[in-house]
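The exercises below are meant to be worked with the sequence and the coordinates open side by side. Try each task before reading the solution that follows it.

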Amino acid sequence: MSMKIGKPINKVQERFNELCDNGGGAGGGPARTKIQELLHQGSEKLNEFAFDEITSHLAKFSDRNPWHVCYAVSLGWGHLARIEEDFTDAATIALETRDPDALREASTFHLERGRQPILDSLTSGHQMFSMVRLPQELPDDLSAMARAQTRWMTPLVSPSQPRPRYMGTWNATAMFMVALFAKPVVATNLRDPGSVALPPNGPIASSLSLLHKAKILTRGPAGNDLDGGGWEPGVIYENNGLMLELLKGKSDWNLLDVHSGLYMLGTRFPLSAGWVS
């Protein structure tokens, strides 16, 4: 079974293949410390882009609910929508009011999956914000951020009500990842997957699977990778636990760094070629 990435599209993936060729790790795979260094270095420029993007949108829409802004930006980071100010404008209005015109306008910024995932995500987001009371401002400490995510998750795991359509693993967690990028001092303390859970699907799941094959992780990722499909909340935390395995032995980075490095390793997004320092 090949551990290498077919047709790598960025320098992180190219370097991973080189490390596989060099060996030096368990079962003839790449050396663990080299993989950790690769993920850390691969996260740096993406982290800069993410910080700049969310801080810019929060500043532009300072009159809006900051959680709405983070939720809107998360749809762009999930490759559902083009992240433009006009999209964030329409999306935040839709999240606040469920205005049909705002929903329609936001859906025009769709990518390859079409309009419906944006419509479903914003409609479900409006429903969630109507049910869940979050702090007025983004929290300045990790425990408060974790409590906010717990509140958000509570109706999603309730057996007494159906989960809103398209409120799967990404939409249940990505808003908090975006909020952490807006609060980098808070993110530096993210070293426990039981505090704030990060999105475990898409490129992240692909990377976790790849690193399991490469004997870096003790097991592969679990769960459903589709946002609109069924989900198991425990899977979110189980896969975040795998990220913690990659953090062990490193004191100068955090789980958000690990997550960004995993994205660069697993993405098939062509523009990622320019996201490496």
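**Exercise 1. A pocket and its lining**

Which residues line the second largest pocket?

Solution. Bear in mind from the start that this is a predicted model. Step one is to list the lining, which consists of N65, W67, H68, L95, E96, F129, S130, V132, R133, L134, P135 and Q136. Step two is to assign helices to that list: α3 (66-77), α4 (85-97) and α6 (116-131) each contribute at least two residues to the lining. Step three is to sort the lining by chemical character, which gives six nonpolar, four polar and two charged residues. Step four is the volume, and the space in this pocket comes to about 150 Å³.

**Exercise 2. From the pocket lining to a histidine**

Starting from E96, find its contacts beyond the local sequence, and then decide whether H126 is buried or exposed.

Solution. E96 is one of the residues that line the second largest pocket, and its place in the fold is helix α4. Once neighbours within four places in sequence are set aside, E96 is in contact with H68 and H126. Of these two partners, H68 also appears in the pocket lining, while H126 belongs to helix α6. With a relative accessible area of 16%, H126 falls under the 20% cut-off and is therefore buried. Seen from its own side, and again without residues up to four places away, H126 touches A94, L95, E96, T97 and R98. As a distance check, the C-alpha atoms of E96 and S62 lie 14 Å apart, with their positions 34 residues apart along the chain.

**Exercise 3. Positive phi outside glycine**

Locate K7 and R98 in the fold, and state how accessible each of them is.

Solution. K7 sits in the segment before α1 (11-22), and its phi is near 50°, a positive value in a residue that is not glycine. Its relative accessible area of 73% is over the 50% cut-off, so K7 counts as exposed. R98 occupies the loop between α4 and α5 (100-107), and has a positive phi of about 60° although it, too, is not a glycine. For R98 the relative accessible area is 45%, a value that makes this residue partly exposed.

**Exercise 4. The nonpolar core**

How many residues make up the largest nonpolar core, and which helix gives the most to it?

Solution. The largest nonpolar core holds 88 residues, and those with the most contacts inside it are F16, W67, L122, W152, L180 and L211. Helix α8 (residues 169-182) gives the most to this core, namely 11 residues. To follow one of these core residues further, take F16: apart from residues up to four places away in sequence, F16 touches M3, K4, I5, I35, L38, L210, L211, A214 and L265. W67, another member of that list of most-contacted residues, is also found in the lining of the second largest pocket.

**Exercise 5. Helix α12 and the segment after it**

What surrounds H259 and T267, each considered without its close neighbours in sequence?

Solution. H259 lies in helix α12 (residues 255-266), and at 4% relative accessibility this histidine is buried. The contacts of H259 beyond four places in sequence are M177, L198, P199, I204 and M243. T267 belongs to the segment after α12, and is buried as well, with a relative accessible area of 2%. Beyond its own four-place neighbourhood, T267 is in contact with I9, N10, Q13, P203 and S272. The pair T267 and I9 is 258 residues apart in sequence, yet 8.4 Å apart in space from C-alpha to C-alpha. For a contrasting pair, Q116 and S2 are 114 residues apart along the chain, and their C-alpha atoms are separated by 37 Å. Q116 itself is placed in helix α6, and is partly exposed at 44% relative accessible area.

**Exercise 6. Cysteines**

How many disulfides does a search of the whole structure find, and are C20 and C70 buried or exposed?

Solution. The search finds zero disulfides. C20 has 9% relative accessibility and so counts as buried, and C70, at 0%, is buried too.

Terms used
Residues numbered from 1 in each chain as written. Predicted model: local features only at pLDDT ≥ 70, side-chain atom pairs only at ≥ 80, totals over all residues. Heavy atoms only, no water. Disulfide = S-S within 2.5 Å. Buried < 20%, exposed > 50% of the residue type's maximum accessible area, 1.4 Å probe, protein only. Core = buried A, V, L, I, M, F, W, Y, C linked by side-chain atoms within 4.5 Å. Helix = DSSP H or I, 4+ residues; strand = E, 2+ residues; numbered from the N terminus. Contact = heavy atoms within 4.5 Å. 1 Å grid on protein atoms, 1.4 Å probe; cavity = no way out; pocket = protein on both sides within 12 Å on 5 of 7 lines; lining within 4 Å. Points joined across faces, edges and corners; volume = space filled by probe spheres on them. Nonpolar A, V, L, I, M, F, W, Y, C, P; charged D, E, K, R; others polar.
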